[in-house]
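Visitor: I'm new to this one, and I'd like a close look at a single part of it. Could you take me through the pockets?

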Amino acid sequence: MSQRNIRVEPIDRQAVEDQEVEIVERKGIGHPDSICDGVAESVAGALAREYIDRVGEVLHFNTDETQLVAGEAAPAFGGGEVVDPIYLLIVGRATKRYEGQMIPAETIALRAAREYLEETVPQLEYGEDIVVDVKLGEGSGDLQEVFGEDEVSVPMANDTSFGVGHAPLTETERIVLEAERRLNGEYASTHPELGPDVKIMGKREGDRIDVTVAAAMIDEYIADLDEYADAVESVREFVGEVADDHTDREVDVHVNTADDYEEGSIYLTVTGTSAEQGDDGSVGRGNRANGLITPNRSMSMEATSGKNPVNHIGKIYNLLSTSIAESVVDDVDGIRDLRVRLLSQIGRPIDQPHVADVHVVTDEGVALEDVEGDVEAIVDAELGDVTEITRQVIDGELTTF
């Protein structure tokens, strides 16, 4: 065992699954905040890979301040139009000159943003329905430690900050996460009327779960109010089926509850995102690194998307703490609920956190002493392999929102 500062202790609350009230939220990939997260992370990945291709290492950059200013649209059955385009500003810093070589960071950013938006929100006409701008200040080209092609060194933490992860997911968390992912995956592939802006809120009181879905419908594929009502009902039924895969509890699903059919006020859009209807967006204002917003859990307020994956603790420790939590509950029997908190200290190697703090709720009849050694060993091993998080991020294997 190494000399890392790892602490394992009982948690100061009931397991979330056993609490009387639980609230869980996910903002889907087409939500304005998620659009900002996705673009920022897409740009970050593109810059990291370009730096490696050109100079063999990841240079200094951050794109985690990307902002979206909502536009205005006039939806109509059969197809409306965008009246005032959405404006997206990619903000941050990047290294544009290194050892005499010019690197077109802003061009790389614009290309990555266009590719991401065309894949994620295909109804948005790039350059017409959405205007993308980029302002990347000059970053320093002397990142102390780098992630290169040939070898991996352990960098120093860029900040005194922390990351938080938890496992296992509760039934409510799994329902909310999977419902959005499957709606924007298998369901959307055969139901083009559903836009990618799907926000899901789960509430559990005792053994009753209510799932509230806000689903942007695309006007081009809906001929009239009856078709709209059918589309809403179809989403409701699908989410109910997803819920049945994860729980035996009573589940009620509600979709587009603000609709007023008599007044003709419905969630109809031209592009499939509320960004066309006055809903602004910002990186870090939505899902945490595990894809959920979980007020019953400890959370970091760091924006994970867009940060440099080499030494930026706000990214690395949020992803790593989640990975550690999942590994522990997968490999150690007798754990009902687990929270991992990793605290860095600026200038320390990122594999040597100021403290790695693990809080555990064990199953009935299992003592903390029965699992403590195994938990500590897994935490130690994952910290020793921390640069694997950097590689996975650069290769696009991890999601940040």
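How many residues line the largest pocket, and which of them lie nearest its centre?

Guide: Happy to, and keep in mind that what you see is a predicted model. The largest pocket is lined by 21 residues. Look for Gly38, Tyr116, Leu398, Thr399 and Phe401, since those are the ones that lie nearest its centre. The space in there comes to about 610 Å³.

Now for where that lining comes from. Helix 1 (32-55), helix 2 (105-120) and helix 3 (171-190) each chip in with at least two residues. Helix 1 has the largest share, with six residues. As for the kind of residues you'll meet around the largest pocket, the lining splits into six nonpolar, eight polar and seven charged.

While you're here, have a peek at the second largest pocket, which holds about 380 Å³ of space. Its lining has 19 residues, and nearest the centre are Ala289, Asn290, Thr322, Glu326 and Thr399. You've met Thr399 already: that residue is also among those nearest the centre of the largest pocket.

Around the second largest pocket, at least two lining residues apiece come from strand 11 (162-167), helix 3, helix 5 (313-331) and helix 7 (387-394). Helix 5 gives the most here, with five residues. Helix 3 is another familiar face, as it also supplies at least two residues to the lining of the largest pocket. Sort the second largest pocket's lining by type and you get eight nonpolar, seven polar and four charged residues.

Methods: Residues are numbered from 1 along each chain as its sequence is written. This is a predicted model: local features need pLDDT of at least 70, side-chain atom pairs count only at pLDDT 80 or more; totals for chains, interfaces and linings use all residues. Side-chain values use heavy atoms; hydrogens and water are left out. On a 1 Å grid over the protein atoms alone, a cavity is a set of points where a 1.4 Å probe fits but cannot get out, and a pocket is an open set with protein on both sides within 12 Å along at least five of seven lines; lining residues have an atom within 4 Å of a point. Grid points are joined across faces, edges and corners, and a volume is the space filled by probe spheres set on the points. Helices (H or I, at least four residues) and strands (E, at least two) are DSSP runs, numbered from the N terminus. Ala, Val, Leu, Ile, Met, Phe, Trp, Tyr, Cys and Pro count as nonpolar, Asp, Glu, Lys and Arg as charged, and the others, Gly among them, as polar.
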